[in-house]
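This report describes the fold of one protein chain and then turns to selected local features. Please consult the sequence and the structure shown here alongside the text.

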Amino acid sequence: PRRPTHDYVRASDDRARLSASDEAAIHELLARRLTAKIAREFDTADAVRDELRKVGVEVIDRDKLWRVVRPQALPSAAAPHPPPRPAAIPAAPPGGDRGGGVLPALVPGVPYEQQHDYRCSSDPAELRQVDLGGVHELLARRLAAKKGRQYELADEMRLALRERYAVEVFDRDKLWRVVPPSAGGGAAGASEWQRAAPL
């Protein structure tokens, strides 16, 4: 496909690596901005400039230049990477079935994050040290437990999320987020299932 037309040139000292999709998106925005300026739709042109800034691109109108100033903001940099596979959760807690405590089955081959309806409200920087695969698996299994009316097990999984991953779940809002561990927390308050089950 033909590249959208505009008269901006990439700055010669810009060495940021761009994927084909990043470059196409930038050219599309630059063309939209130029079209808006020609039509004297300056509010629209400013809004497009703000969109460019959000994806890490600065426009220098006087020189008709553009450059990447924040490569980490490019769409390809923000694309989610598949989380590492967490250690498997056993089919049932050691010690037998306590109150229907068999762990709920999940749909094979479907990513854990697609098997629950909770959204993360943490800043991306807070997620760097979090095992997202483990969090999404427990959220998915917890939802399955609640649907199966295994409320005690769901409560234990909520505690496991809090104590193993420093994640708090807000059921009413369907949100989860990373929170600092509470003073004196940790495995001391864990249930028998949490201490025994290798998550």
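## Overall architecture

Followed along its sequence, the protein chain of this predicted model runs through the pattern β-α-α-β-β-α-β-α-α-β-β-α. In total, the secondary structure amounts to six helices and six strands.

The protein chain has 199 residues, and 37% of these count as buried. Its accessible surface is about 12,100 Å², with 53% belonging to carbon and sulfur atoms. When contacts between residues at least 6 apart in sequence are considered, 63% of them join residues at least 24 apart.

## Packing of α4 against α5

Helices α4 (132–147) and α5 (151–165) are linked by a loop. The two helices pack at an angle of about 165°, and their axes lie 8 Å apart. Because angles over 145 degrees count as roughly antiparallel, α4 is described as roughly antiparallel to α5. The crossing of α4 with α5 is left-handed.

On the α4 side, the contact is formed by Gly134, Val135, Leu138, Leu139, Arg141, Arg142, Ala145 and Lys146. The α5 side contributes Tyr151, Leu153, Ala154, Met157, Arg158, Ala160, Leu161 and Tyr165. By residue class, the contact of α4 with α5 comprises eleven nonpolar residues, one polar residue and four charged residues. Gly134 is a residue of this contact on the α4 side, and glycine is counted as polar in this classification.

## Residues with positive phi

Arginine 149 is a residue other than glycine with a positive phi, near 60°. Its place is in the loop between α4 and α5. The relative accessibility of arginine 149 is 62%, and because the cut-off for exposed residues is over 50%, arginine 149 counts as exposed.

Alanine 166, also a residue other than glycine, has a positive phi near 55°. This residue lies in the loop between α5 and β5 (167–170). Is alanine 166 buried or exposed? With a relative accessible area of 16%, alanine 166 falls under the 20% limit and is therefore buried.

## Summary of the α4–α5 region

Taken together, the region contains two helices, α4 and α5, packed at an angle of about 165°, with arginine 149 in the loop between them. Alanine 166 is placed in the loop that lies between α5 and β5. Of these two loop residues, arginine 149 is exposed, whereas alanine 166 is buried.

Methods. Residues are numbered from 1 along each chain as its sequence is written. This is a predicted model: local features need pLDDT of at least 70, side-chain atom pairs count only at pLDDT 80 or more; totals for chains, interfaces and linings use all residues. Side-chain values use heavy atoms; hydrogens and water are left out. Helices (H or I, at least four residues) and strands (E, at least two) are DSSP runs, numbered from the N terminus. Buried means under 20% relative accessible area, exposed over 50%, partly exposed in between (1.4 Å probe, protein chains only). Contact means heavy atoms within 4.5 Å. Accessible areas come from the Shrake-Rupley method with a 1.4 Å probe; for residues, only the protein chains shown count as cover. Axes are lines fitted to C-alpha atoms, for helices over the stretch in contact, and angles run from 0 to 180 degrees between N-to-C directions. Angles under 35 degrees count as roughly parallel, over 145 as roughly antiparallel, 65 to 115 as roughly perpendicular and the rest as oblique. A crossing is left-handed if the near helix is turned anticlockwise from the far one by less than a right angle, and right-handed if clockwise.
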